[in-house]
Amino acid sequence: MTDAAIPRFTGDASPYAGGDPYADHRTADFPFTHLVDLADRRLGAGVIAANDEFFAERENLLKPGPAVFDPEHFGHKGKIMDGWETRRRRGVSAAEPHPTPDDHDWALVRLGAPGVIRGIVLDTAHFRGNYPQAVSVEGASLPGSPAPEDLLAPDVKWTALVPRTPVGGHAANGFAVDAEQRFTHLRINQHPDGGIARLRVYGEVAPDPAWLTALGTFDLAALENGGQVEDASDRFYSPATNTIQPGRSRKMDDGWETRRRRDRGNDWIRYRLAAQSEIRAVEIDTAYLKGNSAGWAALSVRDGEDGDWSEALPRTRLQPDTNHRFVLDGPVRATHVRIDIFPDGGISRLRLYGSLTDEGTTGLAARHRELGG
């Protein structure tokens, strides 16, 4: 289902006239973009199949950052576009030269982390007169690592997430999704053909409790395990969600950095863990933050939505471009964690190692069943 209050863009954009190609890009502030991009390549997402990618490869859909446009970039097939672009569909004969209403192109996307989808953005940036007339999106949930032929089998249940909807060229086309289910894969359809530059799938990770239980000790805050950022004092230079992305930071803007404070306060991030857990060890990494890392950090925990905050790690000096490891004096039970940095600056990653409590395991399993897992 979609939210009619979200702006809709239809029709061609003007031909590129030089200068900044994004100057006339049509977009809006969508209400779900603060959530995790479940189709992030860093989480393991991939475009695993497409029926056609004649002009531009399907993998471009999930590239990080906005699509790039080079007006002079041509190849032996024509204009090279930074997106997924199919050839022009044709009818069956000279008497019927147009595609039928049912003709469409499709791509299969494996989400990096299975989850509940709250919003989808299909951006047709730079596809000004060669975008699809309409799009639709379906979701499915399959265990394991299914091959494209498994997903295309006739017995697979696909749920409509975005009905067939007209879209515009050179525009970020956003759709709110209301389907309280856990999805692992999407089918992106463009009717009848054309190009889409980027796909973003915003939602909440819904991890497999059997996998987490088998792991025993794991990172309780990690996005891929169901951790999430609930709030942060400052997102000026980079999103707080970067701190729980997979792997170590590779450059400065791959972490969390705040603006310079000119008051006597401090910056912070509040996290929700995968479920109620016991934390036993902590990593605070300031990789690539050298003249702008946080000076000190402290960690507080809370058990439940309304519990009191208690100190888990006292205010501790941090070094620039360093991974700091702390073994706690004993297991600390929590559902929420807050890191305070003093006075400002940034960290690149926060890792909280421990295991689910019996109550956390039970709650996570119940939620998994509710979502059809």
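This is a short chat about the overall build and the nonpolar cores of a predicted model.

Student: What helices and strands are in the protein, and how many of each?
Tutor: The protein has 21 strands and three helices.

Student: Why call it as compact as a globular protein of that length?
Tutor: Its radius of gyration is 23 Å, and the globule rule gives 21 Å for 373 residues; the two values are close, so the protein is as compact as a globular protein of that length.

Student: What box do the C-alpha atoms fill?
Tutor: Along the principal axes, that box is roughly 80 × 50 × 40 Å.

Student: How much of the protein is buried?
Tutor: Of the 373 residues, 53% are buried.

Student: Which residues have the most contacts inside the largest nonpolar core?
Tutor: They are Ile 117, Ile 120, Ile 279 and Ile 284, in a core of 68 residues.

Student: Take Ile 117. What is it in contact with, leaving aside neighbours within four places in sequence?
Tutor: Its contacts include Leu 38, Leu 111, Leu 161 and Val 177. Phe 183, Leu 186, Val 201, Tyr 202 and Gly 203 are also in contact with Ile 117.

Student: And what lies apart from the largest core?
Tutor: Another core, of nine residues, lies apart from it; Ile 48, Ala 140, Leu 151 and Val 156 are among its members.

Student: Changing topic: how much area does the protein expose?
Tutor: About 17700 Å², with carbon and sulfur atoms supplying 49% of it.

Student: How many positive and negative side chains are there?
Tutor: There are 44 positive and 54 negative ones, and the centres of the two sets are 3 Å apart.

Note on methods: Residues numbered from 1 in each chain as written. Predicted model: local features only at pLDDT ≥ 70, side-chain atom pairs only at ≥ 80, totals over all residues. Heavy atoms only, no water. Core = buried A, V, L, I, M, F, W, Y, C linked by side-chain atoms within 4.5 Å. Buried < 20%, exposed > 50% of the residue type's maximum accessible area, 1.4 Å probe, protein only. Contact = heavy atoms within 4.5 Å. Helix = DSSP H or I, 4+ residues; strand = E, 2+ residues; numbered from the N terminus. Rg over C-alpha atoms; globule rule 2.2 N^0.38 Å. Areas by Shrake-Rupley, 256 points an atom, 1.4 Å probe, with all protein chains shown as cover. Lys, Arg positive; Asp, Glu negative; His and termini not counted. Charge placed at Lys NZ, Arg CZ, Asp CG, Glu CD.
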